[in-house]
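Please open the model in your viewer and keep the sequence panel beside it, since each stop on this tour begins with a selection and then describes what is found there.

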Amino acid sequence: MSKICQITGKKAMVGNNVSHSKRRTKRTFDVNLFRKKFYWPEEDRWISLKVSAAGLRLINRVGLNEALRRASDAGYLSIKSK
C-alpha cells in the first residue's frame with residue numbers, strides 16, 4: 001500500500017540523513033497517516049480512508065462531504081456512489 005493521503009495527496013518525501021561529520025545518506029520523511037472510518041450521511045454509509053493528520057484537520061474544518069469533493073476534483077480519490 002502506498003503512503004499517500006487520500007484527502008490532501010501528501011506523499012513521502014526523500015531527503016538526507018546528515019551525520020555529525022556531515023556525511024549524507026538518503027532517507028524518507030513519511031506522512032503521518034491513519035486508517036480511519038467516517039460516516040458519510042449524504043450517502044448513508046461508512047467509508048474507510050487513509051488520511052493524514054492535515055487531512056483530518058481539513059475534514060474537521062470544512063466537513064466530510066466538501067473534503068471528499070475537493071479530493072475527487074484534485075484526483076486524489078475516486079468516489080463510487082450508490
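Begin by selecting Gly 75, which follows helix α2 and has a positive phi, near 90 degrees. Bear in mind throughout that the structure on the screen is a predicted model.

From Gly 75, draw a distance to Glu 42, which lies in the loop between β3 and β4; the two residues are 33 residues apart in sequence, and their C-alpha atoms are 21 Å apart in space. With a relative accessibility of 51%, Glu 42 counts as exposed. While you are in this loop between β3 and β4, select Asp 44 as well, a residue other than glycine whose phi is nevertheless positive, near 55 degrees.

A second residue of this kind is Lys 22, which is not a glycine and yet has a positive phi of about 70 degrees. To find Lys 22, go to the loop between β1 and β2, where the residue is exposed, with a relative accessible area of 55%. As background to both stops, most residues other than glycine have a negative phi.

**Helix α2, the buried side**

Now select residues 64-74, which make up helix α2, and colour its buried residues, namely Leu 64, Ala 67, Leu 68 and Ala 71. These four cover an arc of only 100 degrees around the axis, and so they lie on the same side of α2. If you then display what covers the buried residues of α2, you will find among the covering elements β3 (33-40), β4 and α1 (53-62).

**The nonpolar core**

Which residues have the most contacts inside the largest nonpolar core? This core has 15 residues, and the ones to select are Ile 7, Phe 38, Leu 49, Val 51, Ile 59 and Leu 68. At least two residues of the core are supplied by each of β3, β4, α1 and α2, and the largest share, four residues, comes from α2. In soluble globular proteins, nonpolar side chains tend to be buried together.

Within this group, centre the view on Val 51 and show its surroundings, leaving aside the neighbours within four places in sequence. The residues in contact with Val 51 are then Cys 5, Ile 7, Asn 32, Leu 33, Phe 34, Lys 36, Phe 38, Leu 56 and Ile 59.

**A buried lysine**

Next, select Lys 50, which lies in strand β4 (residues 45-52). What does the side chain of Lys 50 reach? The side chain reaches the backbone oxygen of Ser 2, at 2.5 Å. Lys 50 is buried but has no salt bridge, and the nearest side chain of opposite charge, that of Asp 30, is 11 Å away.

**The salt bridges**

Keep Asp 30 selected and add Lys 3, for these two residues form a salt bridge in which the closest N and O atoms are 3.4 Å apart. Because Lys 3 lies in the segment before β1 (13-18) and Asp 30 in the loop between β2 (24-29) and β3, the pair ties together parts that are 27 residues apart in sequence. Both partners are partly exposed, Lys 3 with a relative accessible area of 47% and Asp 30 with one of 44%.

How many salt bridges does a search of the whole structure find? The search finds four, and to see others among them you can return to helix α2 and select Arg 69, which forms a salt bridge with Glu 66, the closest N and O atoms being 2.6 Å apart. Arg 69 also forms a salt bridge with Asp 73, where the corresponding distance is 2.7 Å.

The spacing along the helix is worth following in the viewer. Arg 69 and Glu 66 are three residues apart in α2 and are therefore separated by about one helical turn, while Arg 69 and Asp 73, four residues apart in the helix, are likewise separated by about one helical turn. Through salt bridges that share partners, Glu 66, Arg 69, Arg 70 and Asp 73 are joined into one network.

To finish, colour these residues by accessibility: Arg 69 is partly exposed, with a relative accessible area of 41%, and Glu 66 is partly exposed at 26%, whereas Asp 73, at 57% relative accessibility, counts as exposed.

Notes. Residues are numbered from 1 along each chain as its sequence is written. This is a predicted model: local features need pLDDT of at least 70, side-chain atom pairs count only at pLDDT 80 or more; totals for chains, interfaces and linings use all residues. Side-chain values use heavy atoms; hydrogens and water are left out. Buried means under 20% relative accessible area, exposed over 50%, partly exposed in between (1.4 Å probe, protein chains only). Lys and Arg count as positive and Asp and Glu as negative; His and the chain ends are not counted. A polar contact is a pair of N or O atoms within 3.5 Å; within protein, one must be able to donate a hydrogen and the other to accept it, and residues adjacent in sequence count only if both atoms are side-chain atoms. The arc is that of the directions from the helix axis to the C-beta atoms. Contact means heavy atoms within 4.5 Å. A nonpolar core is a set of buried Ala, Val, Leu, Ile, Met, Phe, Trp, Tyr and Cys residues joined through side-chain atoms within 4.5 Å.
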